[in-house]
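Please look over the sequence and the model before reading on. The paragraphs that follow go from one chain as a whole to its strands, then to the other chain, and end with the contact between them.

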Amino acid sequence: MGQLDGRIACVTGGTRGIGRATAEAFLREGAKVVVTGRSSEKGQRALDEIDAGDNVHFISGDVKRREDCEALIQGTVDKYGRIDILFANAGGVNNSSFAPVAEMSDEGMEDTLTWNFWHTFWTMRAALNHMIPQQHGRIIATSSVEGKVGKPGNSSYVVAKHAINGLVKAAAHEVGTLGITVNSVCPGLIETDIVKENGPDYAESMGMTYEELLDWFGKESAIQRINEVEDVAEVCVLLASDVAAGITGSLLSIDGGTSPY
Amino acid sequence: MGKLDGKVAAITGGTRSIGRGMAEAFIAEGAKVIVNGRNEEKGRICIEEINAGDSVTFYKGDATKQADVEGIVDFAISTYGKLDIMCLNSGGLANTAPVAQMTDEEWELEMDWNLNHVFWGMRKSFQHMIPRESGRVIVTSSVEGKLGKAGTPGYNATKHGVNGLVKGAAKEVGPIGITVNALLPGIIETDIVRSTGPESAVAMGVGTYENLIGMFTEESAIKRPNTVEEVAAVALLLASDAGKNMTGMLFPIDGGTMPY
C-alpha cells in the first residue's frame, strides 16, 4: 500500500532532475503522474525509462507560456479525471540572466521571473480551480535556498525564488481550511542536468571554475557536500501524502544545513 | 522491509502524545525503541499498549535530571547494543506567568526540562555517534521556538534556545554522517496541554482552555490544532536513510502559523 494510492499528480519539469526523481517517487507510492517538459523527445525517453505503463503520461509544453501552463493542468484532468497534487518544479536561469544587478538587462530579469515565478503562479491558479471544488489538494513549489538568502550575480533567480515563497505563504492561508496545503521545497545546489549545462557560465561570471562553484555551495552547508535529487523527492512524498494535512505554508530547506532560517 | 530496520531509537517523554506517536511510527518501520518517562506505571501501560515484544523497552527517568537523561544513552547501548536515533522530545511548563510574575523556580524548571535536557542528551548521544560516524538527533521544539507568546517567557526562551543549539550542532557533525534537526509543532491537544492548559490560559490572559486553543489555531492557515501523527511522520522521514542530507532544519508542523 502506497502513501499516494489513487492520487493524481502533475510534475512540471518532470523529465529530468528533481522533477523526474519526484515523479518516480510518486509512482512508487501509488500515484498516477503527468510529467511535463518542453521536448517531446526527452518526454518520450523519460516515459521509456520510467516504464510505468499507463500510470505515467507526458504532456509537452513551455512553462514560460501561460496557455501552456493552463493546458498542463487541464491535460492532467483530461487524462486521469482530476488533479490532487501539483509539483510546480520547472525553473532555472538562462546564461543571459547571470549578471550583477548594475548590469542586469530587463530581458534577463523577465525571463527568469517568467520561468520560475509566473509559471508557478499560472499552474497554481489553474490547479486551485480544480482543488477548491473537490476540497482536497497538495501544491508543492520548487523554490531554492536562494528563496531565503541571496547570492551575488544571480539576482533574477533570488528574486523569483523569494517571490515563489511569498506566493506559497499567501495561498496557504487562503485555502488552509479547504483541505489544500501549499508548501515550497528550498533545495541547496544539486548537480542536475540543468546545473551541469548552465553552471559553467554562472561560474565564469563569478570568476571561478564549475568545480569551484560546486565547492562554494557545498562549503556553506553543514554536510559539506551538495544535495541529491532523492532528498527533495522524499520530502515531496511526505508533503503530498494524507498525513501531511497539517503542514502548510512551510518553506522547507533541503540544503544540508545551509539556510539560516 | 521497514525504513528503520536494524535501527535503535530512544525517545524522551515517549510514553504519551508526540513521543508515543514517534515510538509507534518507528517500531512499525522496524526500529527497536527505548521510551522514557518519569512514571513507572505509565511506562508499564505504554509498553503493554504498544505490545511490540522485545522491540520496545521502558526507561524510567526524569528529563529535568542530567544523570537520568545521560543514562538513556547508556541504557540503549546495554539493551540494544547502540543508539542510532535520539529524539529529545520531552518538555513543557508547569506554572507559567508573565515575565514580571515569573518565579525563579518555574524558570529553572523550564530551562532544565526544555533546554538543558536537550543539551545533555545531545552531548551524550554525540559522544556515542561521532566515533560511529552515524546518527540522528531530533529535537521537539515548537512554533514558540520562532515566535513568542505573551505569558510563556520560559517556553519561548527555551524553544528559541534549542533551535540555536540545533543549527550550530548540525554544522559540527554535518560532514560525518550525523544529522540534527528540530520539529516545530503548532498546538497539539496532548495530555500535557490538556492538563496544564487551563492554568496557562489564565497566565496568558485568555481565560479558558478553549480560548487558549483558539488563540493558536486562529493564527494558523488550517484553523485547527495539529496532530501527533503529523509530527511522527516528519520524525520518521528525518530518522530514515532518506533523511541523510537533511540537517539543521527547523521543520514547521504548524498548519501555516509561522511566518518564516
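What percentage of the 260 residues of chain B count as buried? The share is 55%, where a residue is called buried if 20 or more other C-beta atoms lie within 10 Å of its own, exposed if 12 or fewer, and partly exposed in between, the C-beta atoms being placed from the backbone. This is a predicted model, in which local features need pLDDT of at least 70 and side-chain atom pairs count only at pLDDT 80 or more, while totals for chains, interfaces and linings use all residues. Residues are numbered from 1 along each chain as its sequence is written, and chains are lettered from A and ligands numbered from 1 in the order in which they are written.

Chain B has a radius of gyration of 17 Å, which agrees with the value near 18 Å that a compact globule of 260 residues would have; the radius is taken over C-alpha atoms, and the globule rule is 2.2 Å times the number of residues to the power 0.38. Along the principal axes, the C-alpha atoms of chain B fill a box of roughly 50 × 40 × 35 Å. Chain B contains 8 helices and 7 strands, these being DSSP runs numbered from the N terminus (helices H or I, at least four residues; strands E, at least two).

Strand β2 of chain B, residues 32-37, is a good place to begin, and 6 of its 6 residues are buried. Both of its faces are covered, with K32(B), I34(B) and N36(B) on one side and V33(B), V35(B) and G37(B) on the other. β2(B) runs parallel to β1(B) (residues 8-11), to which 4 bridges join it, and two strands are taken to pair if DSSP finds at least two bridges between them. Within that pair, V8(B) has K32(B) as its bridge partner. From β1(B) the chain reaches β2(B) through helix α1 of chain B, residues 17-28, in a right-handed β-α-β crossover, a term that applies if, with the strands pointing away from the viewer, the path from the first strand over the helix to the second runs clockwise. β2(B) is also joined by 5 bridges to β3(B) (residues 56-60), again in parallel, and there V35(B) is partnered by F58(B). Helix α2 of chain B, residues 40-50, completes a right-handed β-α-β unit with β2(B) and β3(B).

In chain A, an open sheet of 7 strands with parallel pairing follows the order β3-β2-β1-β4-β5-β6-β7. Because β3 (56-60) and β7 (251-254) of chain A stand at the edges with a single partner strand each, one side of each is left without a neighbour in the sheet. Strand β6(A), residues 180-187, is joined to β7(A) by 4 bridges, and S184(A) stands opposite L251(A) in β7(A).

The largest nonpolar core has 154 residues, and those with the most contacts inside it are C236(A), F26(B) and A235(B); such a core is a set of buried Ala, Val, Leu, Ile, Met, Phe, Trp, Tyr and Cys residues joined through C-beta atoms within 7 Å. Helix α5 of chain A (residues 155-175) gives this core its largest share, 10 residues.

Finally, the contact between the chains takes 27 residues from chain B and 26 residues from chain A, two residues being in contact if their C-beta atoms, placed from the backbone, lie within 7 Å. On the side of chain B that touches chain A, α8(B) gives the most, with 5 residues.
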